[in-house]
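Dear colleague,

Here is the structure for your files. My notes on it follow below.

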Amino acid sequence: MNKGLGWHKLDNSAMIYPMLMTDEKQNIFRITYMMDSDVNPAMLLNAVNTAFDRFPSFKSKLKRGLFWHYFDINTKPFKLFELNDVQLKKIDFRRNNDYCFRISYYNKLIVGDFFHVLCDGTGGTEFMKCVLYYYLESQSKKIVNKGEVLTKDVPIDVREFEDSFSANYIPTKLKDLKIKSLTGESAYHIEGKLINKAYGSNLIHLLYNSKEIVALAKSKNATVTELLGGAFCVALYNAQIKDKKEDTKPFQIMCPINLRKMFDSISLKNFSLFSRVQVPTNDGLTLESAMKCFRDSLARDINKDLMQGKINTTVKSEKFIPFRFLPLMFKQAIFSFSNLFVGKSNKTATVSNIGIANLPEGMESVKTISYSISVNKKTPISMTIGSLKDEMCITFTSILKSTKIEEEFVKVINELGVNCRVMSNSVEANYEVQIL
């Protein structure tokens, strides 16, 4: 039991994350489940240890090699933490027994924080679903699993451990690389005073009726991502640009695209790229024009040939001989130097629609699901969307003192006839609910 996977490589996308990590910055995403009763820590810990049998790649620790970081088996026991008031704080590997993810609990909440070096949202979600399955099963819940959850009864497929970037790489000449499509153009950067870093991040969850949001999107001949992404841009424009007299750079919004269906992958590692949505800001901004920017960009980027070119470009650097055999300490210095001196990233914010959580019959004890993406000084706010049954949770993760952007977003959707409940954390980690 709990043998782990042993030595294995990081996927191509993950290689950059340890090199960009600083004392204050770590690329983390969070999955939060609200249950119908207070969490039993002992049962939850047993469920995590059981899930390791089905997900051996998660029982790993990150190590430094001569040329690259790599994973090795983690023989230390896994630890649970009580959720404290510092939201989305960096994972302390020493306190966390070297695991690349952390699971916390607070009253009815079960929270999984994952360092992106381990997986993306798909891999993290599959693992957490397995944990929840065994947690609820230990409470004598009768769960009818028809393939929604990867349990120990489902044989492990070696393709789950595949680096799908490298597996789908096609050798490409340097002149044919899609470098510009990955780096993008200059972006507007969100302004405002930041909260004290000791408090972590502010999390504001907007709870909508899924059917109402879907109906609203259809009424505008838009997808949910186009509608909510457009609303986010209008909110940002109204909060920060509307009253400016000088010209401003366009928004550059990053929308993750899951590549698994496109390239027939079942990898639990990272396998997603981004669509870059450029939204002009100099001539006013309407919801319709913002939605069109999302519609055009996503239609352009959901193209296998285009994504193949981006995969070839991202993998080429790893296979480039002079860089491949450059010692890790020099690679780290190059990334640290570029991160420090190149300047602000060509990104305004991330908007990510995870989609609908698919849980089997018998797991109705899970009442709400939400997702969060860590932010930093360069991109101090992000928006994520997730749904469970008839409830959609839109989460703003922010280190801005002002909540003007979130307030403007609620106003945009309210004016379209859809109301929400708001759930937010305070520095005491209490969750306050109000109706807007």
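The protein chain has 12 helices and 16 strands; helices (H or I, at least four residues) and strands (E, at least two) are DSSP runs, numbered from the N terminus. This is a predicted model, in which local features need pLDDT of at least 70 and side-chain atom pairs count only at pLDDT 80 or more, while totals for chains, interfaces and linings use all residues. Residues are numbered from 1 along each chain as its sequence is written, and side-chain values use heavy atoms, with hydrogens and water left out.

Overall dimensions: along the principal axes, the C-alpha atoms of the protein chain fill a box of roughly 65 × 55 × 40 Å. The radius of gyration is 21 Å, which agrees with the value near 22 Å for a compact globule of 436 residues (taken over C-alpha atoms; the globule rule is 2.2 Å times the number of residues to the power 0.38).

One open sheet has 5 strands in the order E5-E6-E7-E2-E12, with mixed pairing; two strands pair if DSSP finds at least two bridges between them. Strand E5 (80-82) and strand E12 (366-373) are at the edges with a single partner strand each, so one side of each has no neighbour in the sheet. On average, neighbouring strands of this sheet are turned by 20° against each other, direction ignored (axes are lines fitted to C-alpha atoms, for helices over the stretch in contact, and angles run from 0 to 180 degrees between N-to-C directions). Strands E6 (residues 101-106) and E7 (residues 109-115) pair in the antiparallel sense over 6 bridges, and Arg 102 has Asp 113 in E7 as its bridge partner.

Helix H2 (residues 41-54) lies across E5, E6 and E7 and runs at about 155° to E6. Helix H3 (residues 121-137) packs on the sheet, touching E2 (28-35), E6, E7 and E12, and its direction makes about 30° with that of E2; contact means heavy atoms within 4.5 Å.

Another open sheet, of 3 strands, has the order E1-E4-E3 with antiparallel pairing. Its edge strands are E1 (8-9) and E3 (60-64), each with a single partner strand, so one side of each is left without a neighbour in the sheet. E3 is joined to E4 (residues 69-73) by 5 bridges, and Leu 62 stands opposite Phe 71 in E4.

Phe 71 also helps line the second largest cavity, together with His 8, Ser 57, Phe 58, Leu 118, Leu 268 and Lys 269. On a 1 Å grid over the protein atoms alone, a cavity is a set of points where a 1.4 Å probe fits but cannot get out, and lining residues have an atom within 4 Å of a point. This cavity has a volume of about 30 Å³.

Regards

How values were computed: 1 Å grid on protein atoms, 1.4 Å probe; cavity = no way out; pocket = protein on both sides within 12 Å on 5 of 7 lines; lining within 4 Å. Points joined across faces, edges and corners; volume = space filled by probe spheres on them.
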